[in-house]
Amino acid sequence: GNSVRLFGIDGSAGPEWTGHKNQPQALAWRPDGSMLVSADLGSENPLLRVWRRDGTVVADLPLPSSQVQWSPRGDRFLASKKNARSGTVAIISAEGKEFGQLQFASGQNRQLLQWILEGQAIQSGWLHEAEGAHSQLFAANGRPGPRTDIPVGNRATDMTWDLSTQKCYAALYMTPKDNPVERLVSLSTDGSIHFMSEPELPEAV
């Protein structure tokens, strides 16, 4: 349905919160458990709602979203917006005020988006069929930081973020196309690229 139902840790049904006219696609609790964000992707009457734990409404935004991520600090969250021409991620305060955006051009397939450095920054990683892979750091208010581009012609297949090393890793199929080699590449927050060693191949018999 279009409601939000809470459950106890033992599976018992709790209160049901209503207000969405479309089925919610994203739910995210604030780190301290005091607030919940629910969001839907409705083409008509989309809604992103911030709730208090007691079910009262903090704010409503007409923002179609499929993913919500709270900052570890609990003062703001990211909400993915649906847009036919480009990919946009909104930065919204805990009070429901939108104060920043991350912009992604058409054709970019975002594979990685998360808070890093205890909520001080946002790391994004995305793939592009024609342009290869990219990684970019943003300030917590959305201000763009260093961006790393993997050379055009390399086709990235996956991306992940390593919190311990503060690096983004991408698996690539390297050109030339007639003899592709899969390699792992690390993209540092300072914009540098490090290509891992090529795997050793067995000798031909």
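1. The charged end of Arg49 is a good place to begin: Arg49 lies over the face of Trp51, at 5.0 Å from the ring centre. The model is a predicted one, and what follows is a reading of that prediction. Arg49 also takes part in a salt bridge, its side chain meeting that of Asp60 with a separation of 2.6 Å, N to O. This pair links distant parts of the chain, since Arg49 belongs to strand β5 and Asp60 to strand β6 (residues 57-61), eleven residues apart. The two partners can be set side by side in terms of burial: Arg49 is buried, with a relative accessible area of 10%, whereas Asp60, at 40% relative accessibility, counts as partly exposed.

2. On confidence, the protein chain averages a pLDDT of 78, and 65% of the residues score at least 70. Strand β5 (residues 48-52), which was the setting for Arg49 in the point above, has the highest confidence in the chain, at 96, while strand β17 (residues 181-188) has the lowest, at a mean of 64. Where pLDDT is low, the predicted coordinates should not be read in detail.

3. As to the overall make-up, the secondary structure of the protein chain comes to zero helices and 18 strands. Of its 205 residues, 44% count as buried. Among contacts between residues at least 6 apart in sequence, 30% join residues at least 24 apart.

4. Arg53 provides another case of a charge over a ring, for its charged end sits over the ring of Trp29, 5.4 Å from the centre of that ring. Trp29 can also be placed relative to Gly74: the C-alpha atoms of Trp29 and Gly74, which are 45 residues apart along the chain, are separated by 9.4 Å.

5. How many salt bridges does the structure hold? There are four, and besides the Arg49 and Asp60 pair two others deserve a comment. In one of them, the side chains of Arg5 and Glu16 meet at 3.3 Å, N to O. Arg5 lies in strand β1 (residues 4-7) and Glu16 in strand β2 (residues 13-17), so the pair ties together parts that are eleven residues apart in sequence. Both ends have some accessibility: Arg5 is partly exposed, with a relative accessible area of 40%, and Glu16 counts as partly exposed at 42%.

6. In another salt bridge, the side chains of Asp75 and Arg76 meet at 3.2 Å, N to O. Here Asp75 is partly exposed, with a relative accessible area of 31%, but Arg76 is buried, at 18%. Side chains of opposite charge can pair when their charged atoms come close.

7. Gln69 merits a separate look, as Arg76 is among the residues that Gln69 touches. Gln69 lies in strand β7 (residues 65-70) and is buried, with a relative accessible area of 18%. Not counting residues up to four places away in sequence, Gln69 touches Arg76, Phe77, Leu78, Leu113, Gln114 and Trp115. With Leu113 there is also a polar approach, in that the backbone oxygen of Leu113 lies 2.8 Å from a polar atom of the side chain of Gln69.

8. Turning to aromatic rings, a search of the whole structure finds two aromatic pairs. Trp70 and Phe77 form one that is tilted, with 5.0 Å centre to centre and 55° between the planes. Are these two residues buried or exposed? Both Trp70 and Phe77 are buried.

9. Two loops approach one another around Arg30 and Gly74, whose C-alpha atoms are 5.8 Å apart in space although the residues are 44 apart in sequence. Arg30 lies in the loop between β3 (24-29) and β4, and Gly74 in the loop between β7 and β8 (76-81). Leaving aside neighbours within four places in sequence, Arg30 is in contact with Met35, Trp70, Gly74 and Ala94, while Gly74 is in contact with Arg30, Pro31 and Ala94. Gly74 is buried, with a relative accessible area of 3%.

10. A last remark concerns the backbone at Asn45, a residue in the loop between β4 (35-40) and β5. Asn45 has a positive phi of about 55°, although it is not a glycine.

Notes
Residues are numbered from 1 along each chain as its sequence is written. This is a predicted model: local features need pLDDT of at least 70, side-chain atom pairs count only at pLDDT 80 or more; totals for chains, interfaces and linings use all residues. Side-chain values use heavy atoms; hydrogens and water are left out. Rings of Phe, Tyr and Trp (its six-membered ring) pair if their centres lie within 6.5 Å; planes under 30 degrees apart count as stacked, over 60 as edge-to-face and the rest as tilted. Buried means under 20% relative accessible area, exposed over 50%, partly exposed in between (1.4 Å probe, protein chains only). A charge sits over a ring if NZ of Lys or CZ of Arg is within 6 Å of the ring centre and within 35 degrees of the ring normal. pLDDT is the predictor's confidence in each residue, from 0 to 100. Helices (H or I, at least four residues) and strands (E, at least two) are DSSP runs, numbered from the N terminus. A polar contact is a pair of N or O atoms within 3.5 Å; within protein, one must be able to donate a hydrogen and the other to accept it, and residues adjacent in sequence count only if both atoms are side-chain atoms. Contact means heavy atoms within 4.5 Å.
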